[in-house]
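Me: Got a minute to go through a structure with me? I'd like to talk about the fold and the cysteines.

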Amino acid sequence: MASAKEIRTKIKSIQNTQKITKAMEMVAASKMRRAQDRMKATKPYAQKMREMVAHIAAANSEYRHSYLVDRPVKRVGVIVISTDRGLCGGLNSNLFKRSIGVLREFEDQEVEVDVCLFGRKAGSFFKRLNCNIVSEASGLGDAPEINDIMGAIQVMLNAHAEGKIDRLLLIQNEFVNTMTQQSETVQLIPVKAEEDELQAKHWDYIYEPDAKDVIDGVMTRYIESLVYQGVVENVACEMAARMVAMKSASDNAGTLIGELQLVYNKARQAAITQEISEIVGGAAAVS
């Protein structure tokens, strides 16, 4: 059994760690509320863009944008959104498991993959896999701006315009609630119309001054808005996952402190009993 001094040192160390995890839990809870507000503020715009582009995809228009054309798949672009920091439970690991599944699926089909990464964790993970990373962005902070992500996105859009990739996918974390965040895969290009749009009658918007100029601009904003929404939602997922992980760590530290306190009391009792026995034994020897 460890000495009482060693056990006291362990208890003190765990108590210090518990203070840190509790502080991180409170910070994450505070940041999560702000991240949720930003996520809710950007969602209506992203949802309306989805609806509009779905209408355009289902419409019988004379001009068909390249994002609406389903080409034979020879090469695929994949955008992965992860966090910059760890200590957020299994958020990134679940995202990477899904990403590996997608990459292996295309590998089995003998389709090459170009990867665009957001977040330091994704960068370090995919570099170990020796993937073809064509663009990446990190250090976006807790309040990312759309200008910070446009450069990395434009690389993928240019590749599609030049015919280098035929499909573009987005792998991101979806914020379900504070306790639940799940990874999902979204197909960005080619754009697919919703089922209700496919069943509806053919119709179209009235474009001014020209359908090509308007649709080109809408499609670019569509991709940017979905990726930006994914980045903003990922921050909310990160804060929620970190809050839950730090609370669990604090609770586990409390349990461990209680167990060590019991061991310390037993060790202290054993030491006192031994000292009393030695005193009694010494007195008996003298007498």
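Here are my questions, with a reply to each.

Me: Before we start, what kind of model is this, and which pattern does the protein chain follow along the sequence?

Reply: It's a predicted model. The protein chain has six helices and five strands. Read from start to end, they come in the order α-β-α-β-α-β-α-β-β-α-α.

Me: Is the protein chain a compact globule or more spread out?

Reply: The C-alpha trace spans about 115 × 40 × 35 Å along its principal axes. For 287 residues the globule rule gives 19 Å, and the radius of gyration is well over that at 28 Å, so the protein chain is more spread out.

Me: What share of the contacts in the protein chain with a separation of 6 or more comes from residues 24 or more positions apart?

Reply: For some background, buried residues make up 41% of the 287 residues. As for those contacts, the share from residues 24 or more positions apart is 78%.

Me: Which residues of helix 3 are buried, and which elements do they pack against?

Reply: Helix 3 covers residues 120–128, and its buried residues are A122, G123, F125 and F126. As a rule, residues three or four places apart in an α-helix point the same way, because there are 3.6 residues a turn. The buried residues of helix 3 pack against strand 1 (75–81), helix 2 (91–108), strand 2 (112–118) and strand 3 (132–137).

Me: And which residue with a positive phi follows helix 3?

Reply: Look just past the end of helix 3 for a phi near 60 degrees. The residue with that positive phi is N130.

Me: How many disulfides does a search of the whole structure find?

Reply: A disulfide is a covalent bond between the sulfur atoms of two cysteines, and here the cut-off is 2.5 Å between sulfurs. For C131, the closest cysteine sulfur is in C116, 13 Å away, which is too far for a bond. Searching the whole structure gives a count of zero.

Me: Why is C88 not bonded to C237?

Reply: C88 is buried, at 3% relative accessibility. C237 holds the cysteine sulfur closest to that of C88, but the two can't bond because the gap is too far, at 9.9 Å.

Me: Where do the charges sit on average, and how far apart are their mean positions?

Reply: The protein chain carries 36 positive and 37 negative charges. Take the mean position of each set, and the two points are apart by 10 Å.

Definitions and conventions. Residues are numbered from 1 along each chain as its sequence is written. This is a predicted model: local features need pLDDT of at least 70, side-chain atom pairs count only at pLDDT 80 or more; totals for chains, interfaces and linings use all residues. Side-chain values use heavy atoms; hydrogens and water are left out. Buried means under 20% relative accessible area, exposed over 50%, partly exposed in between (1.4 Å probe, protein chains only). Helices (H or I, at least four residues) and strands (E, at least two) are DSSP runs, numbered from the N terminus. Contact means heavy atoms within 4.5 Å. The radius of gyration is taken over C-alpha atoms; the globule rule is 2.2 Å times the number of residues to the power 0.38. Lys and Arg count as positive and Asp and Glu as negative; His and the chain ends are not counted. The place of a charge is taken as NZ of Lys, CZ of Arg, CG of Asp or CD of Glu.
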